[in-house]
Amino acid sequence: MIKDFFYYNPVKLVFGEGKLAEAGKYAKMYGKKALIVTTGTLFKENGLVDRLQKILKGSGVGSVYFPEVSANPLNTQIDKGAEIARAANCKVVIGLGGGSAIDAAKGIAIVLGHKRPIWDFCIGAEVQPITDKTYPIIAITTTSGTGSECTQWAVITNAKTEEKPGIGGDYTFARVAIVDPELMATMPPKITASTGFDTLAHAIEAYTAVLETPITDLACEQAIRLVGRFLRRAVKNGQDREARNAMAYANSLAGIAISVGIVTVCHGLAHSIGGLSGSTHGETLATMTPETMRFSMRSHPDKFRKIAMFLRDECAAPESYALEDSIKEVQALIKDIGLGAPLSQQGLKEKDIERAADGVIRYMGGSITNDPAAPKREDLLAIIRKAF
Ligand SMILES: [Fe+2]
């Protein structure tokens, strides 16, 4: 019996080596001038920005380049990017990079359309709705992690309040996502590992979520299998085309999954901890995931025990796997790709543990209600302390 479910993901997904060349064809559907958003100037230095600008120009689309976004995009950076885009009369916003650049592009598109600072859409009783005024977004991903090219979510950090909420809705999906595995070949091993683990966390969380659906389950199962088979290889040898290609696909699959199934408490914790410590998203997830799995798995054992089967890329009776097998497989992967440092080594201070738990409740509450075990404050504290 198929349960009732809701599914919506309107992204045009363009996947394949060399697909960057099609960026102009799509951009011109949405305007004659684009803002290109990157995190830092690396892509200017290695020629990727010039390449994209040339491709856009070939389709009659002018562009302005905005590199002032940090790894955890700040609300102030997003407001500034929107100012520059407005002054240059940009009609479409292109995020070129990993989740940070794409999330910032989404934020800038919101600000451009609504003419209000991005923080007005983030936290608080007066939080504004994100409407169809949002400018068109194109996501060109250069990492295989966040899945942001296929989701409506944007994670925005406020340095003053040390909050890091995830925002988004029907109008913050990219109109087009270009996933070109060639662009991922130069990603260093550490980023390959952390973004690759983010992919796994998305797939595990959407798979075991209250909002699970039969469609996203398929995406999650395949994403977990691909991570199990190829993440170690991609970390070991960035030039392994088959591994890069598989991880790029796994990333988009997991992105599609969290656009509907959303995330659970591990992501809620990673956001809150990241806001307080500035830690790297994927690295924090890697440390937290075995603990959150252990907490949540008894509330949804049928799903959790299959994670071991997918990570081993096996097909067997789910009953032949113990719940602990899934945790062991995840831990082995974490070790092999060099992640798993305790939270205390990722910038989290002991005095902030309570704030971290409270942050999840205050602005990532959806991750709690979507978790099969719906943790309480004391559960959150216990999970953080174990990972500390
Ligand atoms: Fe994530």
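In this predicted model, Arg377 and Glu354 form a salt bridge in which the closest N and O atoms are 2.9 Å apart. The two partners come from distant parts of the chain: Arg377 belongs to helix H15 (residues 377-387) and Glu354 to helix H13 (residues 353-363), with their positions 23 residues apart in sequence. Arg377 has a relative accessible area of 31% and is therefore partly exposed. Glu354, with a value of 39%, is partly exposed as well.

This contact is one of 23 salt bridges in the structure. Another joins the side chains of Asp217 and Lys303, with an N to O distance of 3.1 Å. Here helix H7, which carries Asp217, is linked to helix H11 (residues 301-311), which carries Lys303, and the two residues are 86 apart along the chain. Both Asp217 and Lys303 are buried.

Helix H7 takes part in a further bridge, this time through Arg229, whose partner is Asp313; the closest N and O atoms are 3.6 Å apart. Because Asp313 sits in the loop between H11 and helix H12 (323-336) while Arg229 sits in helix H7, the pair ties together parts that are 84 residues apart in sequence. Asp313 is partly exposed, with a relative accessible area of 31%, and Arg229 is partly exposed at 46%. Salt bridges can also be joined into a network, as seen for Glu162, Lys351, Asp352 and Arg355.

Helix H7 (residues 214-236) also contains Ile215. Together with Ile2, Phe5 and Tyr7, Ile215 forms a nonpolar patch on the surface, and the four residues share about 360 Å² of accessible area. Ile215 itself has a relative accessibility of 37%, so it counts as partly exposed.

Attention now turns to the metal site. The iron ion is held by four residues, namely Asp198 through OD and His202, His267 and His281 through NE2, at 2.1 to 2.2 Å. Along the sequence, these donor residues follow the spacing D-x3-H-x64-H-x13-H. Asp198 lies in helix H6 (residues 189-208) and His281 in helix H10 (residues 281-296), so this pair connects parts of the chain that are distant, 83 residues apart. The angles among the four donor atoms run from 84 to 172 degrees, and the site is irregular. A tetrahedral site would need all angles between 85 and 135 degrees, so the range found here does not fit that description. Asp198 is buried, with a relative accessible area of 2%. For His281 the value is 19%, and because buried means under 20%, this residue is buried too.

Aromatic rings provide another kind of contact, and the structure holds three aromatic pairs. In one of them, the ring centres of Phe15 and Tyr249 are 6.0 Å apart and the planes meet at 70 degrees, so the pair is edge-to-face. Phe15 is part of strand E1 (residues 12-15) and Tyr249 is part of helix H8 (residues 241-260); the pair links distant parts of the chain, 234 residues apart. Phe15 is partly exposed at 28% relative accessibility, and Tyr249 is partly exposed at 37%.

Tyr207 and Phe310 make up another edge-to-face pair, with 5.6 Å from centre to centre and 75 degrees between the planes. Since Tyr207 lies in helix H6 and Phe310 in helix H11, the pair ties together parts that are 103 residues apart in sequence. Both Tyr207 and Phe310 are buried.

Definitions and conventions:
Residues are numbered from 1 along each chain as its sequence is written. This is a predicted model: local features need pLDDT of at least 70, side-chain atom pairs count only at pLDDT 80 or more; totals for chains, interfaces and linings use all residues. Side-chain values use heavy atoms; hydrogens and water are left out. Donors are N, O and S atoms within 2.8 Å of the metal (3.2 Å for Na, K and Ca); water is not among the atoms, so sites may look incomplete. Four donors count as tetrahedral if all angles lie between 85 and 135 degrees; four count as square planar and six as octahedral if opposite donors are over 155 degrees apart and all others between 65 and 115; anything else is irregular. Helices (H or I, at least four residues) and strands (E, at least two) are DSSP runs, numbered from the N terminus. Buried means under 20% relative accessible area, exposed over 50%, partly exposed in between (1.4 Å probe, protein chains only). Patches are made of residues with over 30% relative accessible area and no salt bridge: like charges are joined within 9 Å, nonpolar side chains (Val, Leu, Ile, Met, Phe, Trp, Tyr) within 5 Å. Accessible areas come from the Shrake-Rupley method with a 1.4 Å probe; for residues, only the protein chains shown count as cover. Rings of Phe, Tyr and Trp (its six-membered ring) pair if their centres lie within 6.5 Å; planes under 30 degrees apart count as stacked, over 60 as edge-to-face and the rest as tilted.
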